[in-house]
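Thank you for making the time this morning. I would like to walk through one chain with you slowly, so please keep the picture in view while I talk.

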Amino acid sequence: MIRHLRISSRRHLPLLLLGLVAVTLTGCLDASQYPQSTLTPKGDYAEMVDKLFRTTLWLATLVFIIVEAGLLWAIFKFRGKPDDPEPKQVHGSTTVEIIWTVIPALVLAVVAVPTVQTIFETAKVPAASPDGQAPLRVDVVGHQWWWEFRYPELGITTANQLHVPVGRTVDLRMKTVDVLHSFWIPQFAGKRDVFPNRETRLWFTAKETGAFPGACAEFCGIQHGRMDFYVMVNTPEEFAGWVATRQTDSLLGPTGLPKPAPTPVVDSTAKAGKGDVVVAAAPAVPVAPAAMTDPKVAEGEKYFATKGCIGCHSLNSVGAPKGMIGPNLAGIGVRKNIAGGWLPNTDENLHRWIKTPQLVKSGVLMQVPEMTDAEVDALVAYLRTKQ
Amino acid sequence: MATSVLEQTHVAKRGTLASWLTTVDHKKIGILYGASAFLFFLIGGIEALIIRTQLARPDATLVSPEFYNQLFTMHGTTMIFLGVMPLSAMFFNFFIPLLIGARDVAFPRLNAMSLWVFILGGLFMNFSFLMNAAPNGGWFGYAPLSSRQYSPGLNMDFWVIGLQILGIASLAAGVNFFTTILNMRARGMTLMRMPMFVWTTLITQILVLLSFPVITVALILLMVDRTFGASFFSVGGGGDPMLWQHLFWVFGHPEVYILILPAFGIISEILPVFSRKPLFGYSAMVFSSAFIAFLGFGVWSHHMFSTGMGPLADTFFSLATMLIAIPTGVKIFNWIGTLWGGSLQFKTPMLFALGFIAMFITGGLSGVMHSVAPADLQQTDTYFVVAHFHYVLFGGSIFALTAGAYYWWPKMFGTMLNETIGKWHFWLMLAGFNLTFFPMHFAGLLGMPRRIYTYPAGLGFELFNMMATVGAFLLAFSILVFMYNMWVTVRRNVPAPADPWGGATLEWTIPSPPQEWNFTVEPVVAERDPVWAMKRAAGVRTLPEPTLDSGKGIHLPGPSWWPLVVAVGILVFFIGFMVKHSYAFPFGPITIVGFLLTAVGIFKWAYEAPDANAPKH
């Protein structure tokens, strides 16, 4: 009796596990809880992969059920007692062995055909976007431990937050300046490694607007775990506005001080929706009027220039000066996250990050001089105006 | 008679410390391999528990990112090179001569050297923790992260040098068992009459002999890069990091089969005995093992789909990888075929063997899913992969090695592990294992990369990580149960019969534990399951207890200090490369001392009469 119970609990275990698979994959779990999931593709590349994955998964599940059932059946059926006579001494059977060699080969052939198709479908960047435009080229540069995004056709650079328009294919060309990284936005495409000596390519077309998390997938040193980023998928209009805003960063002088003082425009259509993306509708000097007159901001501006920040960071996303080894900070005031894309961009976090980067993200390459809390607050206030 | 068996078997009577340090008896070497590998396995397990505790909750700060990287690097390196491989070596050492009816291995002193090189290499690697400089670049040591520029400390020196030392041990063992199996089989034991474990061991050694030189070359290049500033793998000097990946995986993929093939062999020994039926499809099992090993050399780039090799390369490596599923499937079906129609006896070794099949099916199927290159681009470097290879290496290798431990314990130590505790061990391990690793499939599919020291809340990883951590502690508890079982068994020390399970192979015809010379009369074999044939001919289920013998007239090589001296010399030689850069001349004095020690050791070893210290029987 006890033996019987044990055996049946063995039998139920895989079934339980299988149930868990089924529940998860049929989407009984709320997909919005898993923004980094590979199971809810939001782009064409990821959809092709997902289709193939599901084919393989169901086949694998089927094989799993059949083989485990066969095993458990044998275990259940042929249990013997110590004094049972010797069972029939069967050494093998050529027929059944041929059958169970051929059947797996056929199952694999079923998997192999769509696999090869998808390999070739995903290998090449489509010549035209679904929206008819040419793909948007973005150059990705991996750094320990943050991501740089350059738009060579638009002449702008940003970091840790990739803005793309919905429905337009994005053509990524990737390199790293140090060790290997791997660029991965699970909802849009598979991952692709990034090398120092060789450009790798990846593409995707986002089908929904919103904020989508991405991560570095190749182990790249001490802060590999904190090399995240967000993809902001905007409507084409929002995206145009964002580009225009970034392009006016050139109105700022090399230290980030505004050159002329045109009428500041606060963007009335800004939408603080998903991921707090604030996007200007029209070109504007990205400084709010109230902030302009805040003495704290002016003070912060001074610290940005004198405390060494300017040595590594630019606030100008147009033609970022050479030697800028830290992330471009244009628009830092409204970015979703900071510190390599994982820390929510609140005043408190920004303060902590500037004051004690090693406590926030130990091993980070950012060097900061000693600053008082008041000095850091001023710096935060200044950065907050960078929209 | 019984008393004299007891005297023989008494664990405490196994000799002085010096006799263990100088032993060339393959059985003692096997026990030392097992004991030290188990110790390293425990260290690797503790590392895993710290990792799991850190990951139990999001944004945890139990360990620093630096220490976390050391933990996962050492966990992987330890489990592969200091846990699973040497635990298999324990069985090679103890049982290959017994299974082929030989009195010894081909090169007993080389065997001893292999053991000591392994132990010293393992201690050296773990010593890095005491220096606060444990390796931190991942077990695959990808360049350029592993270069001096990006890993400036001693950490990766410990890794590069430790692996080179361990590689010497593996190669020495490979040569030894390859030769032993091909040259020292009992009269009548043709290749196609060898027990399956002997076959998989032979194939494993071929893999070792072909793949370890590749990693050795890669490690030497990396050491030259790190120590002397060459740039084989660094872009600045014209090198290419991809070279490292190719070299590493040309070794790394066959290594997977080095870890799993011995497990296949152990299972193929156990299932027939507890089904009381011969192995189903013996020749198919032999050829599928060989085919798996052969294909294992043609699929290395499936670890590199995400590097963007291009569609043709992806297609080739996808399809080659899928092919491996065919011989693997044949094996699983043949194991089930062995059970079919049998009279199954659910002793602890059998439970672990069945657990192995059930778990290995899961790991094998997720492996096929990885061979689908586009899907692999979503899965690689995530917890889905972590789940997959733990199903293969823990659900596979460790379950099989545990099955082997229960099965062969009586032969090794002359006592029986407790069956009740053994069954507790099995069920706890099965539950703990699945609770630990099954949820990782979900974490990976939901986008959790591997090798991250923490993850933010809000991505939905929390539940699966908490489950895995609870499972890990359950798994650890099952290992404690196993240790309790060993302790109880040693304490009670009840003598085991020579053939407790009704075995089919030659080791069961000699006393437990075997006398130093194994076989008083060298066996002659005419069948694939010679002991079953003998029993059938005699009409009995177990053979009568073998008589003890004085072994008069049997000559065995005597103990020797020189293998140990050579091992120490090799260690010192390599340590010299670590401290080299603090000396003015290209080879530091420590390297020279090590070289001299090794040279003297080899010289004395070569000129020592083989039986100078041999016991007179």
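If we take the 31 positive and the 26 negative charges of chain B and work out the mean position of each group, those two positions lie 8 Å apart. Please keep in mind that what you see is a predicted model, and that every value I quote has been computed from it.

Staying with the surface for a moment, chain B has an accessible area of about 19800 Å², and carbon and sulfur atoms make up 72% of that area. As for the interior, 66% of the 617 residues of chain B count as buried.

Now to the overall build, where you will find 18 helices and zero strands in chain B. The radius of gyration of chain B is 24 Å, and because the globule rule gives 25 Å for 617 residues, which is close to that value, we can call the chain as compact as a globular protein of that length. Measured out along its principal axes, if you allow me the phrase for a computed span, the C-alpha trace of chain B extends about 70 × 60 × 45 Å. Among the contacts in chain B with a separation of 6 or more, 83% come from residues 24 or more positions apart.

Let us look at one helix, α15 of chain B, which runs over residues 462–492 and so contains 31 residues. From its first C-alpha to its last, helix α15 reaches 45 Å, close to the 45 Å expected at 1.5 Å a residue. Just after α15(B) comes B:Asn493, which takes a positive phi of about 50°.

Next, where does B:Met184 sit? You will find B:Met184 in the loop between α6 (155–183) and α7 (196–228) of chain B. Its relative accessibility is 26%, so B:Met184 counts as partly exposed. Leaving aside neighbours within four places in sequence, B:Met184 is in contact with several residues, including B:Ile100, B:Ala102, B:Val105 and B:Thr179. Another of these partners is B:Asp104, and although B:Met184 and B:Asp104 are 80 residues apart along the chain, their C-alpha atoms are separated by 8.4 Å.

Finally, is B:Ser88 buried or exposed? With a relative accessibility of 3%, B:Ser88 falls under the 20% limit and therefore counts as buried. B:Ser88 belongs to helix α4 (residues 65–99) of chain B, and, not counting residues up to four places away in sequence, B:Ser88 touches B:Pro262 and B:Leu401.

Key:
Residues are numbered from 1 along each chain as its sequence is written. Chains are lettered from A and ligands numbered from 1 in the order in which they are written. This is a predicted model: local features need pLDDT of at least 70, side-chain atom pairs count only at pLDDT 80 or more; totals for chains, interfaces and linings use all residues. Side-chain values use heavy atoms; hydrogens and water are left out. Helices (H or I, at least four residues) and strands (E, at least two) are DSSP runs, numbered from the N terminus. The radius of gyration is taken over C-alpha atoms; the globule rule is 2.2 Å times the number of residues to the power 0.38. Buried means under 20% relative accessible area, exposed over 50%, partly exposed in between (1.4 Å probe, protein chains only). Contact means heavy atoms within 4.5 Å. Accessible areas come from the Shrake-Rupley method with a 1.4 Å probe; for residues, only the protein chains shown count as cover. Lys and Arg count as positive and Asp and Glu as negative; His and the chain ends are not counted. The place of a charge is taken as NZ of Lys, CZ of Arg, CG of Asp or CD of Glu.
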